[in-house]
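Biologist: I have a new model open and would like to learn how to read it. Could you walk me through it step by step?

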Amino acid sequence: MNPAEAHILNQPEPFKSIFMHLQVLIEHTLPEADLLYKWRMPCYYMDKRPMCYINKTKDYVDVGFWHSAHLSKKWDTYLVSEKRKVVKSLRYNTLDDIDDAIFISILKEVEGLKAK
């Protein structure tokens, strides 16, 4: 089993369900993305370039995007930077917090930025 998949399956609930739902959305939207285990968390790469990571804190799941500086300003209301210069992220406390349409739209925009 891929270490990243094992990491996802070892999460306590409700985080495990959030991780798995995000994994399904990413892999369905971007089937060519590779799930790797880097920096002790699941990370998705496309063409050997980092795209996003999924990490758990004490009370939420954080999906960070490395190319966030190039994303449209329309996502600023959803993305959190918290004093980070490069990475912005989406944060989810429950499975119901995930808006699939917004998440998929951001993924597609990030895919279009892979050349940058």
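Biologist: Let me start with a helix. Which residues of α2 are buried?

Modeller: Keep in mind that this is a predicted model. Here is the general idea: an α-helix has 3.6 residues a turn, so residues three or four places apart point the same way. In α2, the buried residues are F15, I18, F19, L22, Q23, L25, I26 and T29. They sit on the same side of α2, because they cover an arc of only 165° around the axis.

Biologist: And what is exposed on the other side of α2?

Modeller: There you find V24 and H28, which are exposed. "Exposed" here stands for over 50% relative accessible area, while "buried" stands for under 20%.

Biologist: How many residues does α2 have, and what span does it reach?

Modeller: α2 has 15 residues, and the distance from its first C-alpha to its last is 21 Å. That is close to the 21 Å expected at 1.5 Å a residue.

Biologist: Which strands does α2 lie across?

Modeller: Helix α2 (residues 15-29) lies across β1, β2, β3, β4 and β5, and runs at about 160° to β3. Helix α3 (residues 100-112) packs on the sheet as well, touching β2, β3, β4 and β5, with its direction at about 30° to that of β4.

Biologist: Now the sheet itself. What is the order of its strands?

Modeller: First the general idea: strands of a sheet pair through backbone hydrogen bonds, either parallel or antiparallel. In this model, five strands form an open sheet in the order β1-β2-β3-β4-β5, and the pairing is antiparallel. At the edges are β1 (34-38) and β5 (88-92), each pairing on one side only. From one strand to the next, the twist averages 25°.

Biologist: How do I follow one pair, say β1 and β2? How many bridges join them?

Modeller: Five bridges join β1 to β2 (residues 41-46), and the two run antiparallel. Look for the partners: D34 is matched with Y45 in β2, and L36 with C43. The two strands make a hairpin with two residues between them, and W39 in the turn has a positive phi of about 55°.

Biologist: What about β4: which strands does it pair with?

Modeller: β4 pairs with β3 in the antiparallel sense over five bridges, and with β5 in that sense over five bridges too. V61 is a handy marker: K56 stands opposite V61 on the β3 side, and Y92 in β5 stands opposite V61 as well. A hairpin of four connecting residues links β3 to β4.

Biologist: Is β4 enclosed or open to the outside, and why?

Modeller: β4 is largely enclosed by the rest of the structure, because five of its five residues are buried. Both faces are covered, with V61, V63 and F65 buried on one side and D62 and G64 buried on the other.

Biologist: Finally, the core. Which residues of the largest nonpolar core touch the most other members?

Modeller: Among its 31 residues, those are L22, M51, F65, F103 and I106. The elements giving two or more residues to this core are α1 (3-9), α2, β2, β3, β4, β5 and α3. Six residues, the largest share, come from α2.

Biologist: What does L22 contact beyond its neighbours within four places in sequence?

Modeller: L22 is in contact with I54, V61, V63, Y92, I98 and F103. Apart from the largest core lies another core of five residues, including M41, Y45, Y53 and V87.

How values were computed:
Residues numbered from 1 in each chain as written. Predicted model: local features only at pLDDT ≥ 70, side-chain atom pairs only at ≥ 80, totals over all residues. Heavy atoms only, no water. Pairing = 2+ DSSP bridges. Axes fitted to C-alpha atoms, helices over the stretch in contact; angles between N-to-C directions. Contact = heavy atoms within 4.5 Å. Expected span 1.5 Å × (residues − 1). Buried < 20%, exposed > 50% of the residue type's maximum accessible area, 1.4 Å probe, protein only. Arc of directions from axis to C-beta. Core = buried A, V, L, I, M, F, W, Y, C linked by side-chain atoms within 4.5 Å.
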